[in-house]
Amino acid sequence: MIRNLIFPKAALQCVASRLLHVSAAMLVLAGPTQVAAADQPTIHPLPPITVAPPHTPTATPPTPTATVPVLSLVGVPGATGTPGGNDKAPLGGMALLQAQAAIDEKYAELGRVAGVLRQPVGDLASDARGFHVDYQHGAIYWSADTGAHAVLDPVRTKYDSLGGPGNPVLGSPTIDTGTTPDGVGTFNHFQGGSIYYIPKTDAHLISGLVRDKWAALGWERSPLGYPVIDDGYTPDKVGRFTHFQNGSIYVKEGSAAHLISGPVRDKWAALGWEQSPLGYPVMDDGYTPDGVGRFSHFENGSIYYSPNTDAHEISGDVRDKWAALGWEQSPLGYPATDDGFTPNGGGFTHFQNGSIYYSPSTGAHEVHGAIHARWADLGWELGWLGFPVSDETDWSAGPGGRISSFQKGQLGWTPQGGVQTLPEIEHHHEVIDTAAFNAISDGRADVDVRSDGTYCFSGQWHDSSSFFGEDMTVTSEVLTSAGGPAFVMQPDSGHTGPKDTHVWQNCGQDSRVSDNWPSIRGAEGNGRMKVYHDYTGEVEATWNKYKDDLEKIGVGVVLLFFGGSAKGSGQGGGNRSPSSQP
């Protein structure tokens, strides 16, 4: 049980006088003696903290007119305990006298009643680490480890509110309260930290690695200014932090402490501090190499700021790509948006002069300039072009030409011609030869489909007979890699007289082509497109009537041709009836 003991000054003086006389007599009778090492008290000082040289009070205290000898604790009966520890300080024998003598000396040094402390308001009292005396404007604390030091209000008020010498972090004061070099505030250093006070922010505790970082930056004369809160644990309990007038210091367990301030700090705060996806800072914030903006890197990304773009976070594959291009000194400039997600599973960030887009299948690629503007007009990654699959590169189409490739085509640019849309094209050619039926002797069908969704179905047939002429219906399917139709062309029907030729062309655009383009392009096994045509004796039959008739009479008169692509010729196939009209 710890109990504060109060010693009236008159009683202390009497005890001191008697002990001094007894000690002197013993020394005369016994002569010089050596105290055995085993009899000496064991001193266990608190682990030191590494900080920049502490502030030295600007005012030089007056030289005391009289000194009181400080008596040694060594060999004094009753001087037990662990000075500087958290257990009860020694109360017996010469320890008490040494504390009283040291406190009296400090009080005299500070001018006694005429000094800053004014009148005492209590007698010598014990505390968790030693002894102290309270005065009107502060207190003097003594411990065996630190000696006697004055702590003045309002720093003393803060110190007492934190538990005084019993605080396991702070411990005892190591200097007297002093004025900060800027002349605005007051402060005290303690065994495990410091308390700083100014009227605007009140008094606040700062300790550990956060204090060390602040000291390295220049204390209150650093860009951060004074602390505005006590340091403490972060909400995730794995770090510590302190906010200052102009920023913050954060440290994660096992890592170094880092400064973060200004718009970068504001952005990080808006994202959720250390509990944001970015995590803890891994460097102090600083100026960008171009001298225009500021930035800080974090565990999982970065925040970049410029006056023209504000502060934005960037992370993941998009950040890695931007870094590879040269950060803010790349052609893209500074980020103009935070990271975002596309509706179809990708990610992106817009910059001053372009964008970086990412998808798992394409990786991260930049798009900028006039090509970027055209891609935006076409619907970004949701347009027919899809995600970029390359960065912008040189294009041989003309001097100074540039080109970017996308999932379903390309966009090229030249100084002379501007931006050109270059969709991928699949072409199919089919020969129509039904001479075996003694009717039409030749014909052809051509199908072109493009990744932008445009298509053109064209061809002709010729009746070489000398009789009454014939009717013909021709259509085409565009197939997917699964073998099913992605799109069925509008059929063409017509009549040819003897020795006559029929020509047709059906062009348009359908989103089913562009939407299914990767699958259409990947349809290798059965061909990308099918063209089939029908020959009957019916005249001017509509498509539905013709379809119904075929279902009635069977498919013996229907010829089916399986198509190839521009990469190879088509090959013949079996008979089937045409598909339904779209």
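This section describes the confidence, helix packing and salt bridges of a predicted model.

The chain has a mean pLDDT of 77, with 68% of its residues at 70 or more. Confidence falls below 50 over residues 1–90, a stretch that nevertheless has 118 contacts in the model beyond near neighbours in sequence. Residues 535–582 likewise stay under 50 in pLDDT, and 107 contacts beyond four places in sequence are present for them. Where pLDDT is low, the predicted coordinates should not be read in detail.

Helix α4 spans residues 208–217, and its buried residues are Val210, Arg211, Asp212, Lys213, Trp214 and Ala215. These buried residues pack against a set of strands: β7 (186–190), β8 (193–198) and β9 (202–207), together with β11 (239–244), β12 (247–252) and β13 (257–260). After the helix comes Gly218, which has a positive phi near 120°.

Further along the chain, Ser330 lies in the loop between α6 (316–325) and β18 (340–341). Ser330 has a relative accessible area of 8% and is therefore classed as buried, being under the 20% limit. When neighbours within four places in sequence are set aside, the contacts of Ser330 are with Trp322 and Leu325.

Side chains of opposite charge can pair when their charged atoms come close. Across the whole structure, 17 salt bridges were found. One of them joins Asp230 to Lys158, with 2.8 Å between the closest N and O atoms. This pair connects distant parts of the chain, 72 residues apart: Asp230 belongs to the loop between α4 and β10 (232–233), whereas Lys158 is in helix α3 (residues 155–161). Asp230 is partly exposed, with a relative accessibility of 25%, while Lys158 is buried at 17%.

A salt bridge also links the side chains of Arg294 and Asp285, at an N to O distance of 2.9 Å. Its acidic partner, Asp285, is counted as buried because its relative accessibility is 6%, under the 20% limit.

In a further salt bridge, between Arg444 and Asp446, the closest N and O atoms are 2.6 Å apart. Arg444 is partly exposed at 30% relative accessibility, and Asp446 is buried at 12%. Apart from these pairs, Asp134, Asp153, Arg156 and Asp160 are joined into one network by salt bridges that share partners.

Definitions and conventions:
Residues are numbered from 1 along each chain as its sequence is written. This is a predicted model: local features need pLDDT of at least 70, side-chain atom pairs count only at pLDDT 80 or more; totals for chains, interfaces and linings use all residues. Side-chain values use heavy atoms; hydrogens and water are left out. Helices (H or I, at least four residues) and strands (E, at least two) are DSSP runs, numbered from the N terminus. Buried means under 20% relative accessible area, exposed over 50%, partly exposed in between (1.4 Å probe, protein chains only). Contact means heavy atoms within 4.5 Å. pLDDT is the predictor's confidence in each residue, from 0 to 100. A salt bridge is a side-chain nitrogen of Lys or Arg within 4 Å of a carboxyl oxygen of Asp or Glu.
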